[in-house]
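This briefing concerns charged side chains and their pairing. Side chains of opposite charge can pair when their charged atoms come close.

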Amino acid sequence: MSDSTASSSSSPIWLYSYIKLRFFNRIRRFLRSKSSNRKRNTTSSDPHHFDTSSLRPTRVMVKESSNDHEDGGLGLQRAVKKLHFGSWEEKELAAEEIGTLAKDDVKVRKLVGGLGVIPVLVSMAASEVVDRRRVAVFALVQLANGTYTNKALMVEAGIFSKLPKDINILDEPTKHRFAELLMLLSSLANTPFPLPSSEIVPFLVSSLESDSSNVETKQSCLGALHNLSAMLDNAADLVSNGVVDTLLKLSSDKELSEKALATLGNLVVTLMGKKAVENSHMVPESLIEILTWDEKSKCQELSSYILMILAHQSSDQREKMAKSGIVPVLLEVALLGSSLAQKRALKLLQWFKDERQAKMGPHSGPQTARFAFGSPVNPQAAQQGKKMMKNLVKQSLHKNMEMITRRASASGDSSKIKALIISTSSKSLPY
């Protein structure tokens, strides 16, 4: 009885499987017949409307593209194998091939990173053989582009300890690739991953100070320093390696000034960075000179930001700036600069105004009592102080009018600016 029940229960399952199999067989035969009819119709059609010879290259191209994809996969597999087990010549060829394949394919970068090739490439980057080191660094740059995991694997493999101590042994292309690699790896500074900045900074500073380094190499080095300076914990290593003086020198180069000033802006907010900037013999003259770059509004904004930090609550720095002629330049920026540069220039001018009023307090007349500006003790003397300040502002504006109109090339009409300055009273200035 149980056997008959089991057979009766299994028969519907077998029948259902049989019907399903026949259904898929029919669908497959239908698709085959449809594709064969399509091919037959294509070959029997009018050649004036459908050129069969023009269709053949398409099929060949599809076949070749699939073959190229397969060849690329096989080529990557062979390259990884040679990199691990081949001779030095085979390793060099394999490294170059891996770099080429990873350059345009993110999937290849992520795949290769997990196949253990990064430690081998890092060891090759420390080789004294020029070609071997060059292809290894090239492959590392391509593998580090856009992949956090590969960057972390390179740091763990000790890439920073492999950096040349003497950059003069490097040719310019290899030096540039090292700078690119460090710029990519320095982005880890904004992550919880530990980054030994003390091992990176000497190479970057040497490359920036080298006369043989081109602009592209210096820009990559500045990008790496900017990434490192974004973390305040790295300020000590950067300042102790002389980064501040190097950045101040490069800030005078209009091609490199923006990145150099941005990095200085990150450092000057720290105590060590601010002291290093204050003690430099190039400050504040070099920063004031940058304020006169009318065509570089971003540089004006960054320079005024650094000057604001230096001048804040520091009468000594404000006195140095005043002796260096910053007030006429600030007046020009307040009139012709960008909106952000104007705000910062006006803020600095307000500080200089307040300090001048504080110094003029004891000498503002024959009065015997000392009082603050605006005090209700003697309103008449306060009004005289205001009138004196207005006259000083007018004299300063008239004195610097020619310099302002000469540099206002963007306006194209200096006569209008001259008339505007003459007709503008000190009441219209936030100064």
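A salt bridge is taken here as a side-chain nitrogen of Lys or Arg within 4 Å of a carboxyl oxygen of Asp or Glu. The structure is a predicted model, in which local features need pLDDT of at least 70 and side-chain atom pairs count only at pLDDT 80 or more, while totals for chains, interfaces and linings use all residues. Residues are numbered from 1 along each chain as its sequence is written, and side-chain values use heavy atoms, with hydrogens and water left out. Six salt bridges are present in the structure, and three of them are described below, followed by a buried Glu without one.

**Salt bridges within a helix**

- Asp 131 pairs with Arg 134 in a salt bridge whose closest N and O atoms are 3.7 Å apart.
- Both residues belong to helix α6 (residues 130–144), where a spacing of three residues separates them by about one helical turn; helices are DSSP runs (H or I, at least four residues) numbered from the N terminus.
- Asp 131 is partly exposed at 43% relative accessibility, and Arg 134 is also partly exposed, at 25%; buried means under 20% relative accessible area, exposed over 50%, and partly exposed in between (1.4 Å probe, protein chains only).
- A salt bridge also joins Glu 319 to Lys 323, with 3.4 Å between the closest N and O atoms.
- Glu 319 and Lys 323 lie four residues apart in helix α17 (residues 315–323), and are therefore separated by about one helical turn.
- Glu 319 is partly exposed, with a relative accessible area of 35%, whereas Lys 323 is exposed, at 68%.

**A salt bridge between distant parts of the chain**

- Lys 254 and Glu 295 form a salt bridge through their side chains, at 2.5 Å from N to O.
- This pair links distant parts of the chain, 41 residues apart: Lys 254 is in the loop between α12 (243–250) and α13 (257–267), and Glu 295 is in the loop between α15 (285–290) and α16 (297–311).
- Lys 254 is partly exposed at 37% relative accessibility, while Glu 295 is exposed, with a relative accessible area of 51%.

**A buried Glu without a salt bridge**

- Glu 301, located in helix α16, is buried yet has no salt bridge.
- The nearest side chain of opposite charge to Glu 301 is Lys 298, 4.2 Å away; Lys and Arg count as positive and Asp and Glu as negative, with His and the chain ends not counted.
- Beyond its neighbours within four places in sequence, Glu 301 is in contact (heavy atoms within 4.5 Å) with Ser 338, Leu 340, Ala 341 and Arg 344.

Note on methods: Helix = DSSP H or I, 4+ residues; strand = E, 2+ residues; numbered from the N terminus.
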